Amino acid sequence: MKFIERLEALIKQSGLPKKTLAEQAGISRSNLYNLLNGEVSEAKLSTLIKLSSVLQVHPLDLLRPYFQGSVVDNHLSENLPGLGSQFVADMSFPDYSLVYTNQSFEKIWRLQNTGVCVWRDLFLLCQDTPQTLNGLQLGLKPQQTRVAIPEILPGETVDLSIMFKAPQLPCTVRSEWKMVDSSGKVVMPNKMPIYCLVKVVGV
């Protein structure tokens, strides 16, 4: 199962013994071994959040391999002809930057139009699913979920910014964004999303 392979890989990457990982995540060793044995359906979201925090990844990075291939999105197609984009740099809050719980901050990406068409009537659309636990916000909360992209000629770069509010609990969180047209259709589905990845710490 891809979920187990992903979890095993993250544990190996962390260099933590399984006993230590379970202790730092505040779960029992039997709970961890149940996950590694494929008993994912019984896993609580809170358990995955604790594990992902110790492993310094977003909980979705654990869940995505488990659900991969189970959903087909017919709304997506091949990239529209002539369109191209390239991530250039994080202009603020690079990966794993520290932010405080409930902190508001501005994430800025620099992108380049690498296609042959002008970017016109395009938007950045948040791809996240809102997550809460006992009424508490778990993910990053954007001030707006759709942001207009100005007209950009081929070869030009543009800085795009989103205001986020960090969740109420310490964790590692990631927010993903894709380019869409005015109807909300993803125009470059074969491109990886741009994202904001930060580590949230208590005040």
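The protein chain exposes about 11,200 Å² of surface, and carbon and sulfur atoms supply 50% of that. Keep in mind that you're looking at a predicted model. Of the 203 residues in the chain, 40% count as buried. The secondary structure adds up to five helices and eleven strands. As for how the chain folds back on itself, take the contacts between residues at least 6 apart in sequence: 73% of them join residues at least 24 apart.

Now for the inside. The largest nonpolar core has 28 residues, and the ones with the most contacts inside it are Trp 109, Trp 119, Phe 164, Trp 177, Met 179 and Val 198. Strands E3, E4 (122-126), E8 (146-149), E9, E10 and E11 (194-201) each supply at least two residues of this core. Val 198 is a handy spot to click on: setting aside its neighbours within four places in sequence, it is in contact with Tyr 96, Ser 97, Val 99, Phe 105, Leu 140, Cys 171, Thr 172 and Val 173. There is also a second, separate core, this one of 15 residues, with Leu 7, Ile 11, Val 54 and Leu 55 among them.

Next, the rings. Searching the whole structure turns up four aromatic pairs. One of them joins Trp 109 and Trp 177, whose ring centres lie 6.4 Å apart; their planes meet at 55 degrees, so this pair is tilted. It links distant parts of the chain, since Trp 109 belongs to strand E3 (residues 104-113) and Trp 177 to strand E10 (residues 171-180), 68 residues apart. Trp 109 is buried, with a relative accessible area of 0%, and Trp 177 counts as buried too, at 1%.

Trp 177 also pairs with Phe 164, and here the geometry is edge-to-face: 6.1 Å centre to centre, with 80 degrees between the planes. Phe 164 lies in strand E9 (residues 157-165) and Trp 177 in E10, so this pair ties together parts that are 13 residues apart in sequence. Phe 164 is buried as well, at 2% relative accessible area. Step back a little and you'll find ring pairs linking Phe 93, Phe 105, Trp 109, Phe 164 and Trp 177 into a cluster.

Rings turn up beside charges, too. The charged end of Arg 146 sits over the ring of Phe 123, 3.8 Å from its centre. Likewise, the charged end of Arg 174 sits over the ring of Tyr 195, at 3.9 Å from the ring centre.

Let's finish with a helix. In H2 (residues 18-25), Leu 21, Ala 22 and Ala 25 are buried. Looking down the axis of H2, you'd see its buried residues fall within an arc of 95 degrees, so they line one face of the helix. The general logic is familiar: an α-helix has 3.6 residues a turn, so residues three or four places apart point the same way. The face of H2 turned away from that buried side carries the exposed residues Glu 23 and Gln 24. Just after H2 comes Gly 26, which takes a positive phi of about 75 degrees.

Definitions and conventions:
Residues numbered from 1 in each chain as written. Predicted model: local features only at pLDDT ≥ 70, side-chain atom pairs only at ≥ 80, totals over all residues. Heavy atoms only, no water. Phe/Tyr/Trp six-rings, centres within 6.5 Å; stacked < 30°, edge-to-face > 60°. Helix = DSSP H or I, 4+ residues; strand = E, 2+ residues; numbered from the N terminus. Buried < 20%, exposed > 50% of the residue type's maximum accessible area, 1.4 Å probe, protein only. Lys NZ or Arg CZ within 6 Å of the ring centre and 35° of its normal. Arc of directions from axis to C-beta. Contact = heavy atoms within 4.5 Å. Areas by Shrake-Rupley, 256 points an atom, 1.4 Å probe, with all protein chains shown as cover. Core = buried A, V, L, I, M, F, W, Y, C linked by side-chain atoms within 4.5 Å.
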